[in-house]
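Please open the model in your viewer and keep the selection panel at hand for a short tour.

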Amino acid sequence: MNPLYVARAQGLFNLVGGGWPLLHLRSFEWVFGRKTEHWLQRTTAGLLATSGWALLRTPAVPGGPAQARRTGVGTAVTLLAVDLVYVPRGRIRPTYLLDAAMQAGWLTAWWRCGRLSGHRGKER
């Protein structure tokens with residue numbers, strides 16, 4: 001699997017996911033539940049959109065895909081952990097399990113890319 005494709009696909013997903021509550025919080029809350037701390041929701045959304053933009057802009061140079069992998073895996077692990085910890089506690093809606101499935105999918109995609117050495121000739 002090409003790591004640049006994974007980076008750009010996850011980047012688009014994160015940019016859209018982060019942009020949604022920034023552009024239309026009402027529809028986001030309809031799906032994922034009302035938020036009491038809108039500033040926190042907007043902060044999280046902004047960070048997710050930033051991660052997405054960085055992944056979308058992954059350069060096809062040595063070290064670019066390895067950096068994207070760190071950003072992509074780190075973002076996916078963090079969001080997956082939040083989803084799996086706070087849905088069972090009832091703090092966030094079960095619809096977040098859809099996000100958990102997507103985050104697991106991004107982790108699988110990065111795993112399928114194999115180890116990235118940072119050198120163009122050695123990437124899978």
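The stops below go from a helix pair to a second pair and then to a pocket.

This is a predicted model, in which local features need pLDDT of at least 70 and side-chain atom pairs count only at pLDDT 80 or more, while totals for chains, interfaces and linings use all residues. Residues are numbered from 1 along each chain as its sequence is written, and side-chain values use heavy atoms, with hydrogens and water left out.

Select H1 and H5 (helices are DSSP runs of H or I, at least four residues, numbered from the N terminus): their axes, lines fitted to C-alpha atoms over the stretch in contact, with angles from 0 to 180 degrees between N-to-C directions, come within 9 Å and cross at roughly 165 degrees. H1 and H5 are therefore roughly antiparallel, a term for angles over 145 degrees. Now show the contact (heavy atoms within 4.5 Å), where Pro3, Val6 and Phe13 are among the residues of H1, and Met102, Trp106 and Trp110 among those of H5.

Next, select H2 and H3, whose axes come within 13 Å and cross at roughly 95 degrees, which makes H2 roughly perpendicular to H3 (65 to 115 degrees). Here Leu25, Phe28 and Glu29 of H2 meet His38, Gln41 and Arg42 of H3.

Finally, turn to the largest pocket, which holds about 1,100 Å³ of space; of its 35 lining residues, Lys35, Gln41, Thr44, Val82 and Tyr96 are the closest to its centre. A pocket is an open set of points on a 1 Å grid where a 1.4 Å probe fits, with protein on both sides within 12 Å along at least five of seven lines, and lining residues have an atom within 4 Å of a point.

Technical notes: Points joined across faces, edges and corners; volume = space filled by probe spheres on them. Helix = DSSP H or I, 4+ residues; strand = E, 2+ residues; numbered from the N terminus. Parallel < 35°, antiparallel > 145°, perpendicular 65-115°, else oblique.
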